Amino acid sequence: MKKLSMVLVFFLMPSFAWVHVWALPDKQGRYFGSVAPSPWIFADRVLVKTEVENVLSSPSLAERPRNTEAQNLTDVDEVEVEEEGESEEFWTIGTFRLIIQPKVNPPLKVRSAGQSGLRSYKFVGKVGGVNFEQVAVPDDGVDAKNIELSYDQEALNGLRLIIKVDSTTFRPRIADWLLIPIAEFADSEFTLAISLLGEGPDTEHFYYIQYHPAFNDSLLGMRLLQADILLMNPGHSSSLPKKNGHVVLGHGEFLPMKNPDTVTLTTLAKIMNGQKAPSWVLTDINAPASFSIQNGQFQIRSFPYYYFWSRNEDLFHQYQEKERIYHSRVGAYNRKVLSSKNRANQFEDPVRLYQETGAAYKNVVDLYNLKVTSSKNRITQYNDLVKRFNAHNASVSKLQFDRLDSEIQSDRVELETLDQELRRLKREFETLNAVIKGDQLELKALDQELKRLKIELEEIENGMVNPLSTLTNALKNQSDLLEKINPVVVKAVHTTAEYASFFRYIKFHHPQTWKKFLTSIGDVTIRPFVKTPTHMPRKNPQ
């Protein structure tokens, strides 16, 4: 059957040279044949392209019949055929179905709290995912005072990063699809790369996937996502993601030539089943990174690992109840703020009304006082007129008395009207002032209650996470298991953690060269382009 398949493939692609080779993996899970590589190598029913930018971009591959053996790059039995009329886009990883919707989830912008974050339910339980935050340090043998980064656009992809230490130049192997997003990730203030715990309309049945902006719609984002879900079902997650039955590889990646053996999967299952229902975060917290020059090579060392934890269920129920009360009081606070604003809106702008009412009150008081003064003057005139009349009876006419008397009576009416207006404005002013002060006091009381509830939540939260140190250390000590299960994903994880830590060192200690480097990669187009999934069912086929 193999010979027949090889003959079929030869006729399907006459322009390529096909050879049957013996292939052995290196430590990074890459496979090398015993003969000089041709554009494609056929070995044990697996096609391996030595340098693949994007499998989907190959016209000759795309034109082949859908069900030929040559089309499938991992396992003939796992080809995914798109159903006719199916409009929903999705990826598959083994049995995991990852859905792509046009409306993406909000970007992941979360900072870790370092070591304390591993004991925080707010971090591990509500965000979790993949978190890299280390800043690498130079080994004793490296004089990092004079270190520069640059990007050579004319060089071959994978050799474009230039690191210059003093007068020595290094070109580490890292392709653009890795280099560019890792640099953008390291340049940001946020350390979370991937999370399955985003908000969505149906979190009971779906994980809503969030990405750091640097990893959204990128092949590296897909690799880190798979790293996060790798331990959900290692047997199925050993396959690489497929879109419409095709595997997309980045430059420099090589497909494993066989599935992980039963011993490897059994060993990992025993480790995972040692403690019940663990949760995890893939992180480099408490795992210092460094860089050095050894044997003329620039090397970065980083040690990302899975941190396992379980939840204290008794405290969790207390937390849920306290959180329910907290959110209820937050709602009351927000409603009070809204009602206070609505009440103020009835008087338009409360500040302006306050000021205008006070100004009006002052104006009326001034007018009242002027009227009192003028009225007193008239009364004085009236009394003077009475004296003159008594002294010179014939010189003062009754008409003059009547005029002054009328003016005095008019002043009294006007003063009484002004007095009533003063009283009304004063009541209005005092009422408005009391409402504003009442709202302020109530909001202050609610704010104090919220602060108290938040402290209580944090106290409960501090005891809610139980670190599973035995499980964490067990997998650390046998990290080669994960490399055997999925060497492609593990390699991408280590590359991300290593270069992110090194780039952060450059950013903090050599800011000028870092800015120049970022500018030099600002217009680089990353290939292959992939559309990353937005959500995933919580229950997948076994």
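Buried here means under 20% relative accessible area. Keep that cut-off in mind for the opening stop, and note that the model is predicted.

**Strands 18 and 19**

Select strand 19, residues 297–301. Which of its side chains are buried? Phe-298 and Ile-300 are, and they point to one face. Gln-297, Gln-299 and Arg-301 point to the other face and are not buried.

Add strand 18, residues 290–294. The two strands run antiparallel and are joined by 5 bridges. Within the pair, Phe-291 stands opposite Ile-300. Now move to the turn of this hairpin, where 2 residues lie between the strands. Asn-295 takes a positive phi there, near 55 degrees.

**Strand 20 and its partners**

Next, select residues 305–311, which form strand 20. Because 6 of its 7 residues are buried, strand 20 is largely enclosed by the rest of the structure.

Show strand 17 (residues 279–283), which runs antiparallel to strand 20 and is joined to it by 5 bridges. One pair to label is Thr-283 with its bridge partner Tyr-305 in strand 20. Then show strand 21 (residues 465–467), also antiparallel to strand 20, with 3 bridges between them. Ser-310 stands opposite Asn-466 of strand 21.

**The nonpolar cores**

In soluble globular proteins, nonpolar side chains tend to be buried together. The largest nonpolar core in this model has 84 residues. Which of them touch the most other members? Select Phe-291, Tyr-306, Phe-502, Phe-503 and Phe-517. Helix 13, residues 487–509, gives the most to this core, with 12 residues. Another core, of 22 residues, lies apart from it; its members include Phe-123, Tyr-307, Tyr-326 and Ile-460.

Return to Phe-517 and display its surroundings. Leaving out residues up to four places away in sequence, Phe-517 touches Leu-149, Ser-150, Tyr-151, Leu-161, Leu-179, Ala-183 and Phe-503.

**Salt bridges**

There are 15 salt bridges in the structure. Three are worth a selection each.

Start with Glu-189 and Arg-111, whose side chains meet at 2.2 Å, N to O. The pair links distant parts of the chain, 78 residues apart. Glu-189 sits in the loop between helix 4 (176–187) and strand 12 (192–195), whereas Arg-111 belongs to the loop between strand 6 (96–100) and helix 3 (121–124). Glu-189 counts as partly exposed because its relative accessibility is 48%.

Continue to Arg-160 and Asp-176, which form a salt bridge at 2.5 Å, N to O. Here the separation along the chain is 16 residues: Arg-160 is in the loop between strand 9 (147–151) and strand 10 (161–165), and Asp-176 is in helix 4. Are these two residues buried or exposed? Both Arg-160 and Asp-176 are buried.

Finish at helix 10, residues 398–462. Arg-452 forms a salt bridge with Glu-449, with the closest N and O atoms 4.0 Å apart. The two residues are 3 apart in the helix, so about one helical turn separates them. Arg-452 counts as partly exposed, at 40% relative accessibility, and Glu-449 is partly exposed at 22% relative accessible area. Extend the selection to Lys-322, Arg-329 and Glu-456: salt bridges that share partners join these residues with Glu-449 and Arg-452 into one network.

Methods:
Residues numbered from 1 in each chain as written. Predicted model: local features only at pLDDT ≥ 70, side-chain atom pairs only at ≥ 80, totals over all residues. Heavy atoms only, no water. Core = buried A, V, L, I, M, F, W, Y, C linked by side-chain atoms within 4.5 Å. Buried < 20%, exposed > 50% of the residue type's maximum accessible area, 1.4 Å probe, protein only. Helix = DSSP H or I, 4+ residues; strand = E, 2+ residues; numbered from the N terminus. Contact = heavy atoms within 4.5 Å. Pairing = 2+ DSSP bridges.
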